[in-house]
Amino acid sequence: QVQLVESGGGLVQAGGSLRLSCAASGSIFAIGVMGWYRQAPGKQRELVATVTGGGNTNYSDSVKGRFTISRDNAKHTVDLRMNSLKPEDTGVYYCNGDVTPIRGRRSSYWGQGTQVTVSS
């Protein structure tokens with residue numbers, strides 16, 4: 001069993017900062033790309049940022065320069081540091097990992113989501 005659990009969401013004023021964390025646990029052999037996605041009310045889930053095991057990062061244009069993704073391969077964690085938050089950053093943020101279990105095939109796993117609300 002593999003689980004991804006997020007933490008760190010909450011309510012913040014525009015211009016503020018939040019840090020999201022995600023920890024993968026279970027019978028993990030390897031983790032490839034890890035990332036953060038978000039879903040605003042009435043909208044589709046969208047990519048926020050991803051990071052490879054080697055540390056290569058990718059960001060959506062809307063968060064470039066404001067958000068920073070990082071990971072700890074030994075701990076199977078991925079963080080998202082969000083600065084200069086805007087009301088349009090509001091949504092449920094989901095952690096995702098491309099995980100190969102000790103037994104089984106590589107699959108994409110999702111966390112349960114954490115709410116981020118940015119007030120104007």
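Student: Where does aspartate 79 lie in this predicted model?

Tutor: Aspartate 79 lies in strand β8.

Student: Why is aspartate 79 called buried?

Tutor: The relative accessible area of aspartate 79 is 16%. Buried means under 20%, so with 16% aspartate 79 earns the word.

Student: What makes the pair of aspartate 79 and serine 21 a polar contact?

Tutor: Their side chains come to 3.1 Å, and the cut-off asks for N or O atoms within 3.5 Å. Aspartate 79 also has contacts away from its sequence neighbours, among them Arg19, Cys22, Trp36 and Ile69.

Student: How do you know that β8 pairs with β3?

Tutor: Pairing needs at least two bridges, and β3 and β8 have six, in the antiparallel sense. As an example, leucine 20 stands opposite leucine 80 in β8.

Student: And what joins β8 to β7?

Tutor: Six bridges do, with the strands running antiparallel. Here threonine 68 stands opposite arginine 81 in β8.

Student: Why are β1 and β7 called the edges of the sheet?

Tutor: Start with the order, which is β1-β3-β8-β7 in an open sheet of four strands with antiparallel pairing. β1 and β7 each have a single partner strand, so one side of each is left without a neighbour in the sheet. Neighbouring strands here are turned by 15° against each other on average, direction ignored. For β1 the pairing is with β3, antiparallel over six bridges, and leucine 4 has alanine 24 in β3 as its bridge partner.

Student: Which residues touch the most other members of the largest nonpolar core?

Tutor: They are Trp36, Leu80, Met82 and Tyr93, in a core of 27 residues. Strands that each supply at least two residues of this core include β1, β3, β7 and β8, as well as β4 and β9. Methionine 82, leaving aside neighbours within four places in sequence, is in contact with residues including Leu18, Leu20, Phe67, Tyr93 and Val116.

Student: Let's turn to tyrosine 59. Is tyrosine 59 buried or exposed?

Tutor: Tyrosine 59, found in strand β6, has 18% relative accessibility and counts as buried. The limit is under 20%, so 18% falls on the buried side.

Student: What does tyrosine 59 touch?

Tutor: Not counting residues up to four places away in sequence, tyrosine 59 touches Val48, Ala49, Lys64, Phe67, Thr68 and Ile69. With isoleucine 69 there is a polar link too: the backbone nitrogen of isoleucine 69 lies 2.9 Å from a polar atom of the tyrosine 59 side chain.

Student: What makes the phi of histidine 76 worth a remark?

Tutor: Most residues other than glycine have a negative phi. Histidine 76 has a positive phi, near 60°. Histidine 76 is found in the loop between β7 and β8. At 24% relative accessible area, histidine 76 is partly exposed.

Student: What about the phi of serine 84?

Tutor: Serine 84 has a positive phi as well, near 50°. Its place is in the loop between β8 and β9. Serine 84 has a relative accessible area of 41%; partly exposed covers what is neither under 20% nor over 50%, so serine 84 is partly exposed.

Student: How do you know that aspartate 89 forms a salt bridge with arginine 38?

Tutor: The closest N and O atoms are 2.9 Å apart, and the cut-off is within 4 Å. The pair links distant parts of the chain, aspartate 89 in the loop between β8 and β9 and arginine 38 in strand β4, 51 residues apart. Aspartate 89 is buried at 1% relative accessibility, and arginine 38 is buried at 6%.

Student: Which other salt bridge does aspartate 89 form?

Tutor: Aspartate 89 meets arginine 66 in a salt bridge of 2.8 Å, N to O. Arginine 66 sits in the loop between β6 and β7, 23 residues from aspartate 89, and is buried at 11%.

Student: Why does the pair of arginine 106 and aspartate 98 count as a salt bridge?

Tutor: The pair has an N to O distance of 3.7 Å, and the limit is 4 Å, so the pair qualifies. Arginine 106 is exposed at 59%, while aspartate 98 is partly exposed at 24%. Elsewhere, salt bridges that share partners join Arg38, Glu46, Arg66 and Asp89 into one network.

Note on methods. Residues numbered from 1 in each chain as written. Predicted model: local features only at pLDDT ≥ 70, side-chain atom pairs only at ≥ 80, totals over all residues. Heavy atoms only, no water. Buried < 20%, exposed > 50% of the residue type's maximum accessible area, 1.4 Å probe, protein only. Contact = heavy atoms within 4.5 Å. Polar contact = N/O pair within 3.5 Å; in protein donor to acceptor, adjacent residues only side chain to side chain. Core = buried A, V, L, I, M, F, W, Y, C linked by side-chain atoms within 4.5 Å. Axes fitted to C-alpha atoms, helices over the stretch in contact; angles between N-to-C directions. Salt bridge = Lys/Arg side-chain N within 4 Å of Asp/Glu carboxyl O.
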